[in-house]
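Colleague: I have this one open in front of me and would like to talk through how the pieces pack. Can you take my questions as they come?

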Amino acid sequence: LVDHDTAFDTSDNRTYSFCTLLYGSLIPINKMVSKSKFYCQMCRKQCRDQRAFDDHCKGRSHVVEMDRFSKNPNKYISEFSNEYRDGFIQTCREHYKLESTAGYHVHSYYSQDPHHVRLHSTKWETLPEFLKSMHAEGLLHVVEGPDPRCPGSMTLYCRVIDTEAAKREEQRLKRLQKLEDRRQTEEQALHHSYAERAAAIEKQQHAVSARNETDDGPSALTDNTKITIGRQSKVDERILKKSLLADDESDEGEVKTKRVKPSESESKPTQKKPTTEPEEHKWLHRGIVVKIVCKSDKLSKYFNTKGTVEEVLRDGYTASVRTPSALLKLDQSHLQTVIPKLGSKVLILSPKLFGKKGTLKSIITSEYKAVIELPTGVTTKLRYEEFSKLG
């Protein structure tokens, strides 16, 4: 080794003093990249040349490490092999992704680290042997292809096998299943609430019918009686029709929930009957939040979806509803009002106070009503269908 007093030039076997210019020409030799064969894997030490490597092998620290290696060589060879394998695959995954690359390119990039594990310290003697072993274990996809360095010769190309693709697909399916289970649970809860609401309304109607029969006799509901139903969900309408008109299927005794059209009254001018049913209330208003309750084929995917009324058409019964995914043109029979949280702003839709704003103070579940406070400080009770959340 070169000391601070003299420097030895191997070209002409002459020595030079420390301060001469010729000594400075020997300094870059220490900074040159040393060969891999002069690297001691056990001591993790890189030697400059054969002479330095021989001197290192005679040192006491190297003798101690080799004595430790001789007691259990398989252990150290296995550790070096695993470390080289992990470093090679990590380099291939980070810098070459899933591209097929020549094996010597990956090895050259990996060997840029001065402290990397040398291939001759592992259980594989050559790089092709290592690549074939990785292909057999299923860690790398290795194919043979033309060598760009030497036309006409062949070399091995390697590519990382994406072992996490199946795991990612499994996680994606689990997320989809979780979302589907949540959707089914919410839908079942919605149907349950609708059924409870319909049963309560049916019970109330039976109580009213029984009271009318007690007061007026069994002829309380005659053929000329017309029943007007407020805006409820379609489930409620079907249940009320079955409960109130089970014994009366004539046209005169049907529950009428459609709007009265002029053509219907003019179709039979000779048979004019006194009608006590008022025209259906136009409750749609711009800016309110509504819920789609139609289950038709075209609107099934929007069932139970909330949207904001952007525009009410001229007839007053149809509106343009903006949902998170589309702009729909819907009739008010396909929509339902939305009840917000307590303290939220609402818009009153009843005929007397139509268009006025208020604040939701409380909800009376037993009566299916809510207490709304007007800007003047006056409170009023309204049914669920007579107000809606402001968008």
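**Packing and pairing**

Modeller: The buried residues of helix α6 pack against α5, β5, α7 and β7, and I should say early on that this is a predicted model.

Colleague: Which residues in α6 are buried?

Modeller: In α6, which covers residues 103-110, the buried ones are G103, Y104, V106 and Y110. Looking down the axis of α6, these buried residues fall within an arc of 160 degrees, so they line one face of the helix.

Colleague: And why do residues three or four places apart point the same way in an α-helix?

Modeller: Because an α-helix has 3.6 residues a turn.

Colleague: OK, on to the strands. What is the order of the open sheet of 3 strands?

Modeller: The order is β5-β7-β6, and the pairing is antiparallel. The edge strands are β5 and β6, each of which pairs on one side only.

Colleague: Which helices pack on that sheet?

Modeller: Helix α5, residues 73-96, packs on the sheet and touches β5, β6 and β7, with its direction making about 80 degrees with that of β7. Helix α7, residues 127-137, also packs on the sheet, where it touches β6 and β7, and its direction makes about 135 degrees with that of β6.

Colleague: How many bridges join β5 to β7, and who stands opposite whom?

Modeller: Strand β5, residues 101-102, is joined to β7 by 2 bridges, and the two strands run antiparallel. T101 stands opposite C158 in β7, while the bridge partner of A102 in β7 is Y157.

Colleague: What about β6 and β7, how many bridges there?

Modeller: There are 7 bridges between strand β6, residues 140-146, and β7, again with the strands running antiparallel. One of the pairs there sets L140 opposite V160 in β7.

Colleague: So is β7 largely enclosed or open to the outside?

Modeller: Strand β7, residues 154-160, is largely enclosed by the rest of the structure, because 5 of its 7 residues are buried.

Colleague: Back to the helices: at what angle do the axes of α5 and α7 cross?

Modeller: The axes of α5 and α7 cross at roughly 80 degrees and come within 12 Å. That makes α5 roughly perpendicular to α7.

Colleague: Which residues meet in that contact, and how do they divide into nonpolar, polar and charged?

Modeller: From α5 there are Y84, R85, F88 and I89, which meet L127, F130, L131, M134 and E137 in α7. The residues of this contact of α5 with α7 divide into 7 nonpolar, no polar and 2 charged.

Colleague: Changing topic, is β10 mostly covered or exposed?

Modeller: Strand β10, residues 318-322, is mostly covered, with 4 of its 5 residues buried.

Colleague: Which strands does β10 pair with?

Modeller: β10 pairs with strand β9, residues 306-312, in the antiparallel sense over 4 bridges, and with strand β11, residues 327-331, also in the antiparallel sense, over 5 bridges. For the β9 pairing, E311 stands opposite S320 in β10, and for the β11 pairing, R322 stands opposite L327 in β11.

Colleague: How many residues lie in the hairpins, and which residue takes a positive phi?

Modeller: The hairpin of β9 and β10 has 5 residues between the strands, and G316 takes a positive phi near 85 degrees there. The hairpin that joins β10 to β11 does so through 4 residues.

How values were computed:
Residues numbered from 1 in each chain as written. Predicted model: local features only at pLDDT ≥ 70, side-chain atom pairs only at ≥ 80, totals over all residues. Heavy atoms only, no water. Buried < 20%, exposed > 50% of the residue type's maximum accessible area, 1.4 Å probe, protein only. Pairing = 2+ DSSP bridges. Contact = heavy atoms within 4.5 Å. Axes fitted to C-alpha atoms, helices over the stretch in contact; angles between N-to-C directions. Parallel < 35°, antiparallel > 145°, perpendicular 65-115°, else oblique. Nonpolar A, V, L, I, M, F, W, Y, C, P; charged D, E, K, R; others polar. Arc of directions from axis to C-beta.
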